[in-house]
Amino acid sequence: MKQSIIITYHKNKDMLYYCLKRIMETVDKNVEILIIGNNVNASELELNIDSQRCRYYKFQANLQYPKAINYGVSVCSGDIITFVDADIFVWDGWYENLLECLLSSEHIGAVSAKLINPLNNRILDFGIMYSRFNAAHTMMGLSWNHPLAQHNRKVQTVCSAVLMTKKSLLQEVGGLDEEIPYSYTDCDYCLRLRDIGYETWVAADAIAFHKGSTSSNNSKTNFSYYRLDAKGIYGMKDYAKFVYDIWDWFKISADYTKKIYPDLAEKYLLLDISTMYDRNSYYEMIKRELHVEFLDIIERPDTIRDNEHITLYETVSFNYLDLATPILYFVDTFIGLFENQLWFELRNIEYDLVIDRHGNIIRLKDIADKKC
């Protein structure tokens with residue numbers, strides 16, 4: 001069975017060279033590698049790739065991701081195809097684990113990797129699940145080797161920065177949708193696979209660093225003005241297909257939390273710093289799955305979605321430092337609470353709990369000690 005890797009490239013030659021180096025070090029030489037270069041700036045396309053394993057196609061045009069991928073699929077010889085972004089740096093064993101997962105069941109149509117933030121070794125992407133209004137990146141922010149991230153999982157959609165699939169399936173659904181620019185075309189592909197009876201999975205031991213949004217020196221930032229258009233097209237096209245499955249993940253996360261923290265408090269002051277529109281549905285889920293009661297609910301919505309720098313003493317009064325009642329902090333991402341040393345030192349946080357919109361449930365004490 002022939003196999004191909006397709007890399008879409010727009011800019012940053014040095015990054016591409018290292019991406020290629022890691023792929024060639026970790027993948028059998030019989031797997032062909034195609035680079036689809038596209039940029040209106042011809043100088044960005046002048047690459048020095050001397051490996052006979054690689055075929056380079058260049059276009060002095062900004063093709064956008066789905067069109068570049070579809071071209072690569074049209075000229076590759078592989079029956080099994082893996083998309084790899086040029087800002088991906090793979091770990092050893094990534095390819096074998098993707099392939100093993102893809103071939104483990106005839107019902108699996110696509111498999112993505114566990115994508116790791118290269119700055120802090122924390123999960124960026126490991127499957128996407130949905131509520132009525134939002135997509136949640138399950139386990140985002142947790143350590144790459146967190147116990148919940150050690151198993152392959154069936155998910156609704158994934159990030160295609162690393163994605164393995166079958167050429168026959170791509171052709172059956174008509175390739176990636178070129179009408180969805182910039183992003184979300186990968187999620188759309190997963191939903192179209194489900195339409196024809198195939199599942200999407202993530203492979204726990206297929207791991208790669210993803211530079212992605214961790215750096216402004218990234219190809220996608222050149223086209224960030226397309227993001228809202230892409231999200232709008234994706235939402236209008238696929239809204240009726242979404243399964244609201246984030247609550248299933250919250251149950252798994254809550255069961256794990258109750259197991260490792262058997263002394264959780266039963267009553268909390270809920271401090272909501274999130275940006276969620278459907279916040280009441282999260283409140284009901286928290287009470288149901290953790291079996292807790294809210295003595296009061298204080299809403300202090302943040303102004304930035306997924307804000308990674310929340311200062312607690314600027315969000316609420318200093319009086320909360322002396323509050324005897326345990327606090328349950330509901331945030332977009334628990335990462336936002338890391339730098340709150342005054343709060344950690346002057347408040348008794350032994351029973352304080354943090355829950356974020358991605359389904360992570362963590363003691364504030366573990367955030368303070370960075371044991372999560």
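The paragraphs below lead through a buried serine, two asparagines, a pair of helices and the cysteines of this structure.

The model is a predicted one, in which local features need pLDDT of at least 70 and side-chain atom pairs count only at pLDDT 80 or more, while totals for chains, interfaces and linings use all residues. Residues are numbered from 1 along each chain as its sequence is written, and side-chain values use heavy atoms, with hydrogens and water left out.

A starting point is Ser4, which lies in strand β1, residues 3-9; strands (E, at least two residues) and helices (H or I, at least four) are DSSP runs numbered from the N terminus. Ser4 has a relative accessible area of 0% and is therefore buried, a word that stands for under 20% relative accessible area, with exposed meaning over 50% and partly exposed in between (1.4 Å probe, protein chains only). Leaving aside neighbours within four places in sequence, Ser4 is in contact (heavy atoms within 4.5 Å) with Val31, Glu32, Cys76, Ser77, Gly78, Ile80, Ile81 and Thr82.

Most residues other than glycine have a negative phi. Asn12, in the loop between β1 and α1 (13-26), nevertheless has a positive phi of about 80°, and at 18% relative accessibility Asn12 counts as buried. Asn121 has a positive phi of about 65° and lies in the loop between β6 (108-116) and β7 (123-125); with 30% relative accessibility, Asn121 counts as partly exposed.

Further along the chain, helix α5 (residues 185-195) and helix α6 (residues 227-238) pack at an angle of about 15°, with their axes 10 Å apart, where axes are lines fitted to C-alpha atoms, for helices over the stretch in contact, and angles run from 0 to 180 degrees between N-to-C directions. The two helices α5 and α6 are therefore roughly parallel to each other, since angles under 35 degrees count as roughly parallel, over 145 as roughly antiparallel, 65 to 115 as roughly perpendicular and the rest as oblique. On the α5 side the contact is made by Cys187, Asp188, Leu191 and Arg192, and on the α6 side by Tyr234, Lys237 and Asp238.

A disulfide is a covalent bond between the sulfur atoms of two cysteines. Counting pairs of cysteine sulfur atoms within 2.5 Å, a search of the whole structure finds zero disulfides. For Cys19, the nearest cysteine sulfur is that of Cys54, 10 Å away, and Cys19 counts as buried at 0% relative accessibility. For Cys159, the nearest cysteine sulfur is that of Cys187, 7.8 Å away, and Cys159 counts as buried at 15% relative accessibility.
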